[in-house]
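Biologist: I would like to learn how to read a model like this one, slowly and with each term explained. Could you take me through it?

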Amino acid sequence: MIEARGLTKRYGAKTAVDDLSFTVRPGSVTGFLGPNGAGKSTTMRLLLGLDRPTSGEARVGGKRYREHRAPLREVGALLEARAVHPGRSARAHLLALARTEGIPARRVDEVIELVGLTGVARKRVGGFSLGMGQRLGIATALLGDPAVVMLDEPVNGLDPDGVLWIRTLLKGLAAEGRAVLVSSHLMSEMAQTADHLVVVGRGKLLADTSVTELTARTQDAAVTVRSPQAARLAVLLRGVGARSTTTGGADRLEVHGATAAQVGEVAGRHGVVLHELHARTSTLEEAYMALTRDSREYRTDDGARTDGDQPDGTAAEGAAR
Ligand SMILES: Nc1ncnc2c1ncn2[C@@H]1O[C@H](COP(=O)(O)OP(=O)(O)OP(=O)(O)O)[C@@H](O)[C@H]1O
């Protein structure tokens with residue numbers, strides 16, 4: 001369990017984290033979202049005791065990080081690419097870390113296998129690709145078999161196979177009863193991986209909710225309906241207070257102010273034939289964009305995004321790094 005209570009961090013005049021309170025519960029993956037500069041990395045640093053809060057408190061497993069005797073066994077974290085001696089092998093690096101907390105060599109080989117680095121475990125880390133380095137970082141995070149796992153942009157630099165692997169891994173860690181906090185700018189990925197979301201903007205909490213609730217809350221209650229009698233249906237819908245406009249062809253209507261069930265009932269009552277009827281739910285990407293609209297730090301004058309998100313909903317990986 002991770003608990004942030006009134007967590008605040010100021011750097012001079014800049015408030016990076018502003019009175020943030022949230023809980024990350026065991027048994028699920030919590031996505032940590034927010035535009036560039038929202039305070040995610042700073043929050044993670046505070047949770048890990050790498051930085052002191054100006055006020056408020058962060059607890060991991062019921063204690064402040066520095067109160068843990070063997071932190072690797074309590075909390076596993078992947079922040080930015082770690083400083084690993086480039087001349088060392090992955091195995092030597094993990095063995096050295098394991099030794100600091102009395103973790104057996106057997107566990108080193110286990111995590112190497114878990115992250116798929118067995119074939120290169122004895123190779124120099126200096127020659128590792130970005131993806132291999134990321135896997136080594138994850139191996140490091142899991143070394144102490146911790147109950148709490150915190151990963152800052154773990155899919156950064158991973159190919160599609162790697163992304164799928166991370167998704168499965170995170171879900172598996174949560175299913176084992178661990179608390180998993182993971183930050184990402186890839187909304188489609190978060191939608192598939194996370195159960196719960198903590199969304200921040202300009203250091204403040206914007207949402208602490210489930211993925212389902214967030215997308216439902218932001219749902220644009222539009223209903224799309226296709227009918228060979230679309231014009232008649234539009235008139236009938238106006239009669240029940242719904243607005244409709246033709247969209248993508250004369251037989252297709254976008255209806256606002258009525259649910260899909262209400263549209264179907266009106267059509268049924270008047271014998272209007274329907275070829276298609278569906279409620280349009282918003283994606284996590286849309287819900288996120290609506291929620292964070294006012295908190296994005298870097299915008300061009302026309303409001304275009306310059307925070308690393310691409311128009312197609314993916315993110316420019318590593319844009320902030
Ligand atoms: N050491 C520091 N000194 C001064 N300002 C800082 C420091 N660390 C972070 N900040 C500022 O605090 C704010 C939050 O930064 P942070 O890196 O936590 O955001 P983030 O949500 O992790 O962003 P990103 O998605 O780009 O990684 C930013 O405006 C940043 O410039």
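**Reading one helix in its setting**

Modeller: The protein's secondary structure comes to 11 helices and 13 strands, where helices (H or I, at least four residues) and strands (E, at least two) are DSSP runs numbered from the N terminus. This is a predicted model, in which local features need pLDDT of at least 70, side-chain atom pairs count only at pLDDT 80 or more, and totals for chains, interfaces and linings use all residues. Residues are numbered from 1 along each chain as its sequence is written.

Biologist: What does the protein average in pLDDT?

Modeller: pLDDT is the predictor's confidence in each residue, from 0 to 100; the protein averages 86, and 90% of the residues score at least 70.

Biologist: How many residues does helix 5 have, and how far does it reach?

Modeller: The expected span of a helix is 1.5 Å times one less than its number of residues. Helix 5 (residues 130-142) has 13 residues and reaches 19 Å from its first C-alpha to its last, close to the 18 Å expected.

Biologist: How many residues of helix 5 are buried, and what covers them?

Modeller: A residue is buried if 20 or more other C-beta atoms, placed from the backbone, lie within 10 Å of its own. In helix 5, 10 of the 13 residues are buried, among them Met-132, Leu-136 and Ile-138. What covers these buried residues includes strand 5 (75-78), helix 3 (90-100), helix 4 (105-114) and strand 6 (148-152). Across the protein, buried residues make up 38% of the 321 residues.

Notes:
Buried ≥ 20, exposed ≤ 12 C-beta atoms within 10 Å, placed from the backbone. Contact = placed C-beta atoms within 7 Å.
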